[in-house]
Amino acid sequence: MFDTHIHLDLYEPEERNRMLEAAWGSGIEGVVSVSMGMDSSLVNRELALRHHGRIMPAYGHHPEQPPLDGEGLQVLCDWIRERGTEQESFAIGEVGLPYYTRKEAEEKGEAFDLSPYRRQLEDFIRLAA
């Protein structure tokens, strides 16, 4: 059994270690730890290296945050591409389109520009392909 969506990087190290030991002890074979952005991706990579084969890092930029500017997105995508060049195992995530942020704006009658989120998602899709 695998946990396919957890944000391990958001937990303090001591709590995270307790959670993982409890998971391993209860029969969980591994987890997919999704990232919120670059800093999160770095933490998830380190965790994956430390727990080889048990933690699959997923690198990306969470869609409920403001989209990255062109340079920020390029830096993250280049870093992810480098992981592939080094033959590391990873997934792309957490990526997508905002739901809650968009819905909240629409409920207030505010305009919501989805285009920068689409461009960011398209870049992650191309990267994954």
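**Exercise 1: the sheet**

Work out how strand 1 and strand 2 (residues 30-34) are joined, and how many bridges do it.

*Solution.* Start with the pairing: strand 1 and strand 2 run parallel, with 3 bridges joining them. This is a predicted model, so treat each step as a reading of a prediction. To find the register, look across from Asp3, which stands opposite Val31 in strand 2. Now trace the connection: from strand 1 the chain passes through helix 1 and on to strand 2, a β-α-β crossover that is right-handed.

Next, move one strand over. Strand 2 also pairs with strand 3, again in the parallel sense, over 4 bridges. Here Val32 is the residue to find, as it stands opposite Met56 in strand 3.

Finally, put the strands together. They belong to an open sheet of 4 strands, ordered 1-2-3-4 with parallel pairing. Strand 1 and strand 4 (91-92) are at the edges with a single partner strand each, so one side of each has no neighbour in the sheet.

**Exercise 2: His7**

Say whether His7 is buried or exposed, and find which side chains it makes polar contacts with.

*Solution.* First, place the residue: His7 sits in the loop between strand 1 (2-6) and helix 1 (13-25). Then check the accessibility. The relative accessible area of His7 is 16%, and the cut-off for buried is under 20%, so His7 counts as buried.

Now look for polar partners. The side chain of His7 has a polar contact of 3.3 Å with the side chain of His5, and another, of 3.1 Å, with the side chain of Glu94. Glu94 turns up again in the contact list: leaving out residues up to four places away in sequence, His7 touches Ser33, Val34, Met36, His62 and Glu94.

**Exercise 3: the aromatic rings**

Find how many aromatic pairs the structure holds, then sort out the geometry of Tyr99 with Tyr100 and of Phe112 with Tyr117.

*Solution.* The count is 4 aromatic pairs. Take Tyr99 and Tyr100: their ring centres are 5.0 Å apart and their planes meet at 85 degrees, so this pair is edge-to-face. For Phe112 and Tyr117, the centres are 5.4 Å apart but the planes are at 20 degrees, so the pair is stacked.

Add the accessibility of each ring-bearer. Tyr99 is partly exposed at 40%, while Tyr100 is exposed at 60%. In the stacked pair, Phe112 is partly exposed at 25%, and Tyr117 is buried at 8%.

There's also a cluster to spot, made of Tyr59, Trp79 and Phe90. Trp79 has a charge over its ring too: the charged end of Arg83 sits there, 4.6 Å from the ring centre. You'll find a similar arrangement at Trp24, where the charged end of Arg54 sits over the ring, 4.1 Å from its centre.

**Exercise 4: Pro67**

Locate Pro67 and list which residues it contacts beyond its neighbours in sequence.

*Solution.* Go to the loop between strand 3 (55-59) and helix 3 (70-85), and there's Pro67. Its relative accessibility is 24%, so Pro67 counts as partly exposed.

For the contacts, set aside neighbours within four places in sequence. What remains is His61, Pro116, Tyr117 and Gln120. One of these should look familiar: Tyr117 is the buried member of the stacked pair with Phe112.

As a last step, try a distance along the chain against a distance in space. Pro67 and Asp9 are 58 residues apart in sequence, and their C-alpha atoms are separated by 20 Å.

Definitions and conventions: Residues numbered from 1 in each chain as written. Predicted model: local features only at pLDDT ≥ 70, side-chain atom pairs only at ≥ 80, totals over all residues. Heavy atoms only, no water. Helix = DSSP H or I, 4+ residues; strand = E, 2+ residues; numbered from the N terminus. Buried < 20%, exposed > 50% of the residue type's maximum accessible area, 1.4 Å probe, protein only. Contact = heavy atoms within 4.5 Å. Phe/Tyr/Trp six-rings, centres within 6.5 Å; stacked < 30°, edge-to-face > 60°. Lys NZ or Arg CZ within 6 Å of the ring centre and 35° of its normal. Polar contact = N/O pair within 3.5 Å; in protein donor to acceptor, adjacent residues only side chain to side chain. Pairing = 2+ DSSP bridges. Right-handed = clockwise from strand over helix to strand, strands pointing away.
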